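User: I would like to go through this model with you and ask, for each label, what justifies it. Please set the value against the definition each time.

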Amino acid sequence: MVDLRTREEFESGSIVGAKNIPLDSLESRAAELKKIGRKPIVFMCASGARSRSAQKVSSKLGLEETFILNGGIAAWKQMGLPTTK
C-alpha cells in the first residue's frame, strides 16, 4: 500500500502498514517504488485522483501490477477500517 498524500496528511492518519511516497516525489523515488513493485502495489490518497496519476507514472516505470483504492482514505475510514498515526 503506497499512500500518495503529503507527509502532513499521512501523519494525520493512514492505513496500517502503508508507505508514504507523496505523488510529487514518485518519479524521484522510482528505485524505491520498483523495489516495492516486486509485489502488487495499491495506491491510495484522499479520494482517488492522485492514485490515478500515480498509476500512469508507475506504468511508465514498467510496473504493471498496480491498483487503486477507490475512494481513498475517506472510503477506508467510512467503512470503519483501522488507521494509525
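Analyst: Buried means under 20% relative accessible area, exposed means over 50%, and partly exposed lies in between, with a 1.4 Å probe and protein chains only. This is a predicted model, in which local features need pLDDT of at least 70 and side-chain atom pairs count only at pLDDT 80 or more, while totals for chains, interfaces and linings use all residues. Residues are numbered from 1 along each chain as its sequence is written, and side-chain values use heavy atoms, with hydrogens and water left out.

User: Why is Thr83 called partly exposed?

Analyst: Thr83 has a relative accessible area of 37%, and because partly exposed is the range between under 20% and over 50%, the label follows. Thr83 belongs to strand 6 (residues 83-84), where strands (E, at least two residues) and helices (H or I, at least four) are DSSP runs numbered from the N terminus. Its C-alpha atom is separated by 4.6 Å from that of Ile15, although the two are 68 residues apart along the chain.

User: What makes Thr66 and Asp3 buried or exposed?

Analyst: Thr66, in strand 5 (residues 66-68), has a relative accessible area of 9%, so Thr66 is buried. Asp3, in strand 1 (residues 2-3), is at 0% and therefore also counts as buried. Contact means heavy atoms within 4.5 Å, and, not counting residues up to four places away in sequence, Asp3 touches Phe10, Ser14, Ala18, Lys19, Asn20, Ile21, Pro22 and Met44.

User: Why does Asp24 count as buried or exposed?

Analyst: Asp24 is at 74% relative accessibility, so it counts as exposed, the cut-off being over 50%. Asp24 is found in the loop between strand 3 (19-20) and helix 2 (30-36).

User: How do you know that strand 1 and strand 4 pair?

Analyst: Two strands pair if DSSP finds at least two bridges between them, and strand 1 and strand 4 have two bridges, in the parallel sense. The bridge partner of Asp3 in strand 4 is Met44. The open sheet of four strands has the order 3-1-4-5, with parallel pairing; strand 3 and strand 5 stand at its edges, because each has a single partner strand.

User: How do you know that the span of helix 3 agrees with the expected one?

Analyst: The expected span is 1.5 Å times one less than the number of residues, so the 12 residues of helix 3 should span 16 Å, and the end C-alpha atoms are 18 Å apart, which agrees.

User: Why are the buried residues of helix 3 said to line one face?

Analyst: In helix 3, Ser51, Ala54, Val57 and Ser58 are buried. Seen down the helix axis, the buried residues fall within an arc of 120 degrees, so they line one face; the arc is that of the directions from the helix axis to the C-beta atoms. On the other side of helix 3, Lys56 and Lys60 are exposed, whereas the buried residues pack against helix 2, strand 4 and strand 5.

User: What makes a set of residues the largest nonpolar core?

Analyst: A nonpolar core is a set of buried Ala, Val, Leu, Ile, Met, Phe, Trp, Tyr and Cys residues joined through side-chain atoms within 4.5 Å. The largest one has 11 residues, including Val2, Leu33, Phe43, Ala54 and Leu63, and strand 4 (41-44) and helix 3 (49-60) are the elements that give two or more residues to this core. Apart from it lies another core, of six residues, among them Ala18, Met44, Ile73 and Trp76.
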